[in-house]
Amino acid sequence: MNDLALHILDIVQNSISAGALLIRIIVSENLIKDLLSITIEDNGKGMTEEQVSKLADPFFTSRTTRKVGMGIPLFKQSAEQSGGKLNIKSEVGIGTTITATFIYSNIDRPPLGDVANAVIILVTSNPNIRFVFEYSFNHKKYIFDTKEVKEALEDLPINTPGIAKY
C-alpha cells in the first residue's frame, strides 16, 4: 500500500466486517520522540488467541470470499521496515485493538497519506457506525466524534453530500 491512510481503511474495514458499532482511530505524530503511531480500536466480535497468532500469515483469513488476507501482514511489514512494530490485542465478544508504531524519521516509513479523507469515506459509507478519530501532533490534539456531529445535525443524515463536503 502506498500510504498509511490506505492501511487504516483496510483495517477499519475488518472492524466493520466484525460487526463493530464503535471504531476509534488514533493517529499520533510525535516529532520530539521521533514516533508515529496508529491505533484502531473496535467493539466488534473479537478474536481468539489462536486467530490473533495467525494474523501475520497472509494465507490466513476468516473471510470466505477469498483465501488470503494481506492487510495485517502488509501493515506489520510497513511498521517493522521503519523500525517499529505491530501489536494486536483482542478478546472474543469485546473487540480488537491494533497498534502500529513507526520511527518517524526512518526513510522507509510510508507517508501518512490523506487520513482526513479516509475518515470522511468511512463515516459517509457507514453512517450507522460511531467513529471517533483522534489526531495529535506533538501533544496538540484534535478529536472528531460522529456522535457529536449527529447530535448537532439533528435529523439530517451524516452522509448527506453537503455535510461530507463541509
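Me: How do the axes of helix 1 and helix 3 (residues 71-81) cross, and within what distance do they come?

Reply: In this predicted model, they cross at roughly 145 degrees, and the axes come within 10 Å.

Me: And what is the handedness of the crossing where helix 1 passes helix 3?

Reply: It's left-handed.

Me: What makes the contact between helix 1 and helix 3?

Reply: On the helix 1 side you have Leu4, His7, Asp10 and Ile11. Helix 3 brings Gly71, Ile72, Leu74, Phe75 and Ser78. Sort the residues of that contact and you get five nonpolar, three polar and one charged. Gly71 is in the contact, and Gly counts as polar here.

Me: Now the other helix pair. What do you need to describe two packed helices?

Reply: The angle between their axes and the distance between the axes. For helix 1 (residues 4-17) and helix 4 (residues 115-125), the angle is about 25 degrees and the axes lie 9 Å apart.

Me: Why is helix 1 called roughly parallel to helix 4?

Reply: Set the value against the cut-off: the angle is about 25 degrees, and angles under 35 degrees count as roughly parallel. Therefore helix 1 is roughly parallel to helix 4. The crossing of these two helices is right-handed.

Me: Which residues of helix 1 and helix 4 meet?

Reply: Ala5, Ile8, Leu9, Val12 and Ile16 come from helix 1, and they meet Val115, Ala118 and Leu122 of helix 4.

Me: How do the residues of the contact of helix 1 with helix 4 divide into nonpolar, polar and charged?

Reply: Eight are nonpolar, with no polar and no charged ones. You can check that by name: Ala, Val, Leu and Ile count as nonpolar.

Me: On to the sheet. What is the order of its six strands?

Reply: The order is 3-4-2-1-5-6, in an open sheet with mixed pairing.

Me: What makes strand 3 (85-91) and strand 6 (140-145) edge strands?

Reply: Each of them pairs on one side only. From one strand to the next, the twist averages 10 degrees.

Me: How do you know that strand 1 (residues 22-30) and strand 2 (residues 35-42) pair?

Reply: Two strands pair if there are at least two bridges between them, and eight bridges join strand 1 to strand 2, so they qualify. The two run antiparallel, and Ile26 has Thr39 as its bridge partner in strand 2.

Me: Which strands does helix 1 touch as it packs on the sheet?

Reply: Strand 1, strand 2, strand 4 (95-103) and strand 5 (130-137), with the helix direction at about 20 degrees to that of strand 2. Helix 4 packs on the sheet too, touching strand 1, strand 5 and strand 6, and its direction makes about 170 degrees with that of strand 5. Over 145 counts as roughly antiparallel.

Me: What makes the pairing of strand 1 with strand 5?

Reply: Eight bridges, in the parallel sense. Ile26 turns up here as well, with Glu134 as its bridge partner in strand 5.

Me: How many residues lie between strand 3 and strand 4 in their hairpin?

Reply: Three, and in the turn Gly93 has a positive phi of about 80 degrees. Seven bridges join these antiparallel strands, and Ile88 stands opposite Ile98 in strand 4.

Me: Which residue takes a positive phi in the hairpin of strand 5 and strand 6?

Reply: Asn138, near 50 degrees, in a hairpin with two residues between the strands. The strands run antiparallel, joined by six bridges, and Ser136 stands opposite Lys141 in strand 6.

Key
Residues numbered from 1 in each chain as written. Predicted model: local features only at pLDDT ≥ 70, side-chain atom pairs only at ≥ 80, totals over all residues. Heavy atoms only, no water. Axes fitted to C-alpha atoms, helices over the stretch in contact; angles between N-to-C directions. Helix = DSSP H or I, 4+ residues; strand = E, 2+ residues; numbered from the N terminus. Parallel < 35°, antiparallel > 145°, perpendicular 65-115°, else oblique. Left-handed = near helix turned anticlockwise from the far one by under 90°. Contact = heavy atoms within 4.5 Å.
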